[in-house]
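Please walk me through this model in plain terms, from a few backbone details in the loops to the way the helices pack.

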Amino acid sequence: MTRALVAVAAGSSLLAAAALAGAAWAAATNSSASASTASTAPKTVLRVDQVGYSLSETKRAYALTAHDLAGRAFVVRDDGGRAVYRGTIAAGDDRGRWSPSYGHVFELDFSRLTQGGSYTVELDDGVDTVASVPFAIATAATLFTPVLDSVATFFSSQRDGRDVIAGNLDRRPSHLDDVDATVYETAGLFPDPDSEVPGELIPRLDANGAELRRDVEGGWFDAGDYLKFVQTTSYAVTMLAIAEQRAGRTPMVSGEIAHGLAWLDKMWDDDERVLYHQVGLGTGNGEFTGDHDEWRLPEADDALDIPRDAVPGSEGAASYFLKYRPVFAANTAGEPLSPNLAGRVAASFALAAQRDSDAGLHESAAGWFEKAKHVYELADSDWPVEERPLVTTEPRSYYPEDSYLDDLALGGAELARAAILLGDLDLAAELVVEAAGYAAAAEGSLLNLYDTSALANAELVTAIRALESAGRPVEGGAEIEAELLAQLESSGLAAAESFARSDPFSAVSDPAEWDVVSHTFGSIAVVRLAEQLTGDRSYADVASGARNWALGANAWGLSFVIGTGADFPQCPHHQIGNLLARPEAGLTLEGAVVNGPNGSEWTDPADPEWWNPGFVDDCPAGRVDRLAAFHSPAADGERGPSDGYRGTRFLDWSGVWSTSEPAIDFTASALLALSLEATADASAPSENSAPSENVASRVDDAA
């Protein structure tokens, strides 16, 4: 993800302060850990999916413990305290060691409980009786449909420009000068390709020699900072639009799709065939201030008293580029586009055409379709990645993507689906064949910002079947479809299943690696897409386990979706969330999905490279690591299921961007996954079905 709010201006004394504060943080953490070790053995804790479990799916809780629980009983109680299920823990339920303090993670299976209601799991470990947080059992739609609007709320919190939604955080309009922003050249912007410190910014001139201006007002902030990127916005719009297709329209999700599309439309000049791909610059250069150098609310930039004609970086104008934000273009008029951006933007515009066609807005749909084609036609499908990096962001190190065939496949798939709705079946068939060629050459993995191949494969199969139904089959369509489905299955699902088997909490991706939460939601989405197309539920338990992990059944007992579940990150690395949210009053950065746990090399509290001191609201107060007992510290040797994870931490502190920063791409992946979860058990028994064989009346009449 972006190195949001990491770097400070050259020569700043904050680096020295960071080192001192980091040492204090480390000392406090070590003291806390020492105190815990010096007292009694750590308390057993129970981890569950804090949203809940659908009626017919596998249901697992996890006991993180220092004790051998083999042979011990556990009980599930309803909200009246009545025992409705009893189970016994077997030796084979021990999934391995998590840390030196927690030598066991036991799986507690209560899948036979299929009666809807609110429950807790309870366990006597021989020392204490412990209970989980409450959770629900209900239909998938009942559980996850309400979460979709909650997750979409994060996008409303990320809105920039005039069209903001105040919400509980009382957001205000911001960056109103973006309506007349100056375009700058990217050539030479970063003289040192290994540095994020920019050089001189040179305005791009129009045909008359005047500075080129562009209306780029609106859109979403990318993450905890105030930069706006086409790279991530186009991904987010596409995920939200496909989620809307699968789960149905809701005012909140639909409103955010429209908001994102309106900004993408401003970033594409259809007359000149130019794509503008970024607003704002992250780091300053010692003369002028960058976005990441100041911790403030976005409307503070509007209040800066700097003349438009001031020289950036001159006396009194160090913050010039905060008030008058630079815009960068991905190409010059009519020249080829970096294919990753072309594919992503074409997909978003084609989905806009599909939305309007479905709504009967045929003229608008045709307009979006033409723009999608124009963007797609400029894609350089032979881009020499090894010689010339793909255009993502300025600097590219924020999002260093190297693949683009997946994006071209997705763009072609959505264009084909739009062409079908608009009645051009021949063009749709041509697009399917072309896009399937890109898909065949792409190396697929779990769905995430950097790899959209699985989604492209699913959408291409949908297009092939729609053409067949319309009486215009694709030549060789059966073979193409079979290959696409095989790729969909191989796009990380087998690896995810294998990882989940060895992971103590059934995680599908390594919690010591980047973007684990995004990869987790991506795996859920791919499983459910494959199920919809094939009816094969071979990976259903993988998806359930992944969702359980993301929503609370992990070592830290956190839902990584803020505002969802009983416990979630309280201190996101996010300026608006830090300065306006008040968790104690129930005011949170609702719906935000954070990066999640990360390895020791990215979460060392004594290393100022990965965190920032000096926030207006230092959260948590006193920098007390409330989750210190549940980290898996560094250990010698290779990481493995019997050793736990080497140096895996989740730091719930506003300064640690490597774990606690939310972003629109993380959140968009989650929204797509949860929309597919909401429809995953449409054929499951209803909440009012007859009680299962293990309800209280048959288990414990005296309870």
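Where is serine 506 found? In this predicted model, serine 506 sits in the loop between helix 13 (493-502) and helix 14. Its phi is positive, about 65°, although serine 506 is not a glycine. Serine 506 is also buried, because its relative accessible area is 6% and the cut-off for buried is under 20%.

Aspartate 515 lies in the loop between helix 13 and helix 14 as well. Phi of aspartate 515 is near 60°, again a positive value in a residue other than glycine. With a relative accessible area of 8%, aspartate 515 is buried.

Two other loops contain a cis peptide bond. One such bond joins glutamate 394 and proline 395, with omega about 0°; proline 395 is placed in the loop between helix 8 and helix 9. Another joins cysteine 619 and proline 620, with omega about 5°. Proline 620 belongs to the loop between helix 16 (575-580) and helix 17 (657-660).

Now the chain as a whole. The protein chain has 19 helices and 15 strands. Of its 703 residues, 59% are buried. Among contacts in the chain with a separation of 6 or more, 76% are between residues 24 or more positions apart. The chain exposes about 25000 Å², and carbon and sulfur atoms supply 50% of that area.

Helix 2 (residues 140-157) is a simple case for checking helix geometry. At 1.5 Å a residue, its 18 residues should span 26 Å, and the end C-alpha atoms are 27 Å apart, which agrees. Helix 2 is largely enclosed by the rest of the structure, because 13 of its 18 residues are buried.

The same check can be made on helix 11 (residues 453-469). Its 17 residues should span 24 Å at 1.5 Å a residue, and the end C-alpha atoms are 24 Å apart, in agreement with that value. Helix 11 is mostly covered, with twelve of its 17 residues buried. The buried residues are Ser453, Ala454, Leu455, Ala456, Asn457, Ala458, Glu459, Leu460, Val461, Ala463, Ile464 and Leu467. What lies over them? The cover includes helix 3 (230-247), helix 9 (405-421), helix 10 (425-441), helix 12 (477-490) and helix 14 (516-534). After helix 11 comes glycine 471, with a positive phi near 80°.

Helix 9 can be followed from one packing partner to another. Two packed helices are described by the angle between their axes and the distance between the axes. For helix 9 and helix 11, the angle is about 25° and the axes are 8 Å apart. Angles under 35 degrees count as roughly parallel, and helix 9 and helix 11 are therefore roughly parallel to each other. Helix 9 passes helix 11 in a left-handed crossing. On the helix 9 side, the residues that meet helix 11 are Asp406, Ala409, Leu410, Ala413, Glu414, Ala416, Arg417 and Ile420. Their counterparts in helix 11 are Ser453, Leu455, Ala456, Glu459, Leu460, Thr462, Ala463, Ala466 and Leu467. Several of these are also on the list of buried residues of helix 11, including Ser453, Leu455 and Ala456.

How do helix 8 and helix 9 run relative to each other, roughly parallel or roughly antiparallel? The axes of helix 8 (residues 362-377) and helix 9 come within 11 Å and cross at roughly 150°. An angle over 145 degrees counts as roughly antiparallel, so helix 8 and helix 9 are described as roughly antiparallel. Helix 8 passes helix 9 in a left-handed crossing. From helix 8, the residues Phe369, Ala372, Lys373 and Tyr376 take part, and they meet Leu408, Gly411, Gly412, Leu415, Ala418 and Ala419 in helix 9.

Alanine 419, in helix 9, is a useful residue to end on. Its relative accessible area is 0%, so alanine 419 is buried. Leaving out residues up to four places away in sequence, alanine 419 touches Phe369, Asp424 and Ala428. Phe369 is one of the helix 8 residues that meet helix 9. Leucine 431 is twelve residues from alanine 419 along the chain, and the C-alpha atoms of the two are separated by 9.0 Å.

Definitions and conventions:
Residues numbered from 1 in each chain as written. Predicted model: local features only at pLDDT ≥ 70, side-chain atom pairs only at ≥ 80, totals over all residues. Heavy atoms only, no water. Helix = DSSP H or I, 4+ residues; strand = E, 2+ residues; numbered from the N terminus. Expected span 1.5 Å × (residues − 1). Buried < 20%, exposed > 50% of the residue type's maximum accessible area, 1.4 Å probe, protein only. Contact = heavy atoms within 4.5 Å. Areas by Shrake-Rupley, 256 points an atom, 1.4 Å probe, with all protein chains shown as cover. Axes fitted to C-alpha atoms, helices over the stretch in contact; angles between N-to-C directions. Parallel < 35°, antiparallel > 145°, perpendicular 65-115°, else oblique. Left-handed = near helix turned anticlockwise from the far one by under 90°.
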